Amino acid sequence: MPALLLNYVDGVSLPAAGGERIPVYNPARDTVLSEMPDTSAEVVNRAVAAAKAAQKDWAKLPAIQRAAALRKISGKIRENIDRIARVITEEQGKVYSLAQLEAAFTAEYMDYMAEWARRIEGEVITSDRAGETVLLLRQPIGVVAGILPWNFPFFLIARKLAPALVTGNTIVIKPSEETPNNASLFVELLEGLDIPKGVINFVYGSGRTTGAALSGHPDVGLVSFTGSVATGERIMAAAANNITKVNLELGGKAPAIILDDADIPKAVHNLAASRTLNSGQLCNCPERIYVQRGVADQVVSGLATALQATRYGDPLGDKEVDMGPLINRAGLDKVRGLVDSAISQGAEVVTGGKVADLGTGSYFEPTVLTNCRQNMDIMHKEIFGPVIPINVVNDLDEAIERSNDTEFGLTSSIFTQSLSSALKACNELKFGETYVNREHFEAMQGFHAGTKKSGIGGADGKHGLYEYTMTHLAYIQT
Ligand code: TXE
């Protein structure tokens, strides 16, 4: 029987008290790796209570001591990169080198957030009164709930936990039901680090049971979530019952604009690489391309050549691959449905276009589609797979107008040699991020935040750190 994961509450591993067991699969092999409990609201209550109790003393520590805890964790991560990478690849399906990168980046992120310990700053505000000092203090919110997706599951632990802890909050994390094993390994790495009990807690389970209990809990001060729009709506509704603050990263439909004056080989290389990375399962990678007419043929054939050369299969199999499977059948069905409907509406397949049957696992052929009209679903719904739909435009204005014709607003990109075109795009694209002449990927010191249905608030950098704080004004009359 596969091993059953244990929740981690108040510094102890808790055996599940009955209830449903949820299998965790290797998406390349369709084998069961482990099982996890569908943790009940009662256990979630215990986790939140432990986090609440621990938060009082945790917040009293100097920030630099809280940062020391993050540095201890990053040290442990660095000693275990290969072990972590293997667990990530097994349950998530990304290639091993990318999983190694994810683990290393996670350690780096912990250290980066630790550095903020000496830079969490308030303000002194000029008063209208004689003898009064007005201070804006930055204080922790209390208990943070981190609800995680599966696409970069180990890194997402750090993206929620590191800013929460360094600013004096404590946290209860619910990993995705697709990828809890890396979280369980994270807990194992905490052993011997002397982090006070209750500061970090993990509960496993479905969104319906465990996620709902956590996001609707009255003692949670901030729900930080990364995932789908539909789930984001449910989380907001649950949080609304208690007027709990939410921080939501809900994916996107990133446009990439390629103008006639662009360095085409560079554009093709960057877009193909971004689109096949993690099998296209990234919130920020290019989901639709608007190419100017003069270079359209060159771009289409370049992308087709690049995607045809993408080797895919079991990332832990005998052959070297560039791309693993999609996360599960539901993900595959979604990609297939969008591609089929585009084809039935007149899109043309340049390469790929269908499910790849490798015996086990959920694979979709790396795909380039042309003749994609703006009104097709494939130009509006998040594909989350290795598929590039292409639309030809006459000029930058048309490209910007179509790019903005979306309910999402996370990332976007433009390839051009013209500074004024690049600046116009940065000013007029209604997105939280625009990449100019480079791949789609954000930096930890930036601010990863979307507009419209891509979410509320953001992560990373100073602005991401301050999402985990509340302001407290002090009016001191002397
Ligand atoms: O996401 P869900 P899924 C997008 C992407 C993907 C689609 C579906 O398009 O194809 O979402 O993926 C928890 N209360 N992104 O179904 O449902 C759930 O248990 C509280 C974009 O995996 O959003 C898991 O931990 N929590 C994205 C987490 O939400 C609930 C990354 C994410 O699951 C809940 C992932 C509830 N009622 C998917 N229901 C990105 N922004 O990068 C579910 N959950």
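A salt bridge, for our purposes, is a side-chain nitrogen of Lys or Arg within 4 Å of a carboxyl oxygen of Asp or Glu. Keep that in mind, as the count between domain 1 and domain 2 comes to 3 salt bridges. What you're looking at is a predicted model, and this briefing is about how its two domains meet.

**The two domains**
- Domain 1 is built from two stretches of the protein chain, 7-249 and 453-477, while domain 2 covers 254-441.
- Taken over C-alpha atoms, the centres of domain 1 and domain 2 sit 31 Å apart.
- In the contact, domain 1 puts in 22 residues and domain 2 puts in 27 residues.

**How much area gets buried**
- People often give the size of an interface as the accessible area lost when the parts come together.
- Between domain 1 and domain 2, about 2,100 Å² is buried, and carbon and sulfur atoms give 59% of that.

**Charged and polar links**
- Want a salt bridge to look for? Try Asp314 and Arg29, whose side chains meet in one at 2.5 Å, N to O.
- There are also 12 residue pairs in polar contact between the two domains, counting pairs with both residues at pLDDT 80 or more.

**The domain 1 side**
- Two helices, α3 (81-92) and α4 (96-115), each supply at least two residues of the side of domain 1 that touches domain 2.
- The largest share of that side comes from α3, with 5 residues.
- Sorted by type, the residues on this side of domain 1 are 8 nonpolar, 5 polar and 9 charged.

Technical notes: Residues are numbered from 1 along each chain as its sequence is written. This is a predicted model: local features need pLDDT of at least 70, side-chain atom pairs count only at pLDDT 80 or more; totals for chains, interfaces and linings use all residues. Side-chain values use heavy atoms; hydrogens and water are left out. Domain bounds come from an automatic or database domain assignment. Contact means heavy atoms within 4.5 Å. Buried area is the accessible area (1.4 Å probe) that two parts lose on being put together, summed over both. A polar contact is a pair of N or O atoms within 3.5 Å; within protein, one must be able to donate a hydrogen and the other to accept it, and residues adjacent in sequence count only if both atoms are side-chain atoms. Helices (H or I, at least four residues) and strands (E, at least two) are DSSP runs, numbered from the N terminus. Ala, Val, Leu, Ile, Met, Phe, Trp, Tyr, Cys and Pro count as nonpolar, Asp, Glu, Lys and Arg as charged, and the others, Gly among them, as polar.
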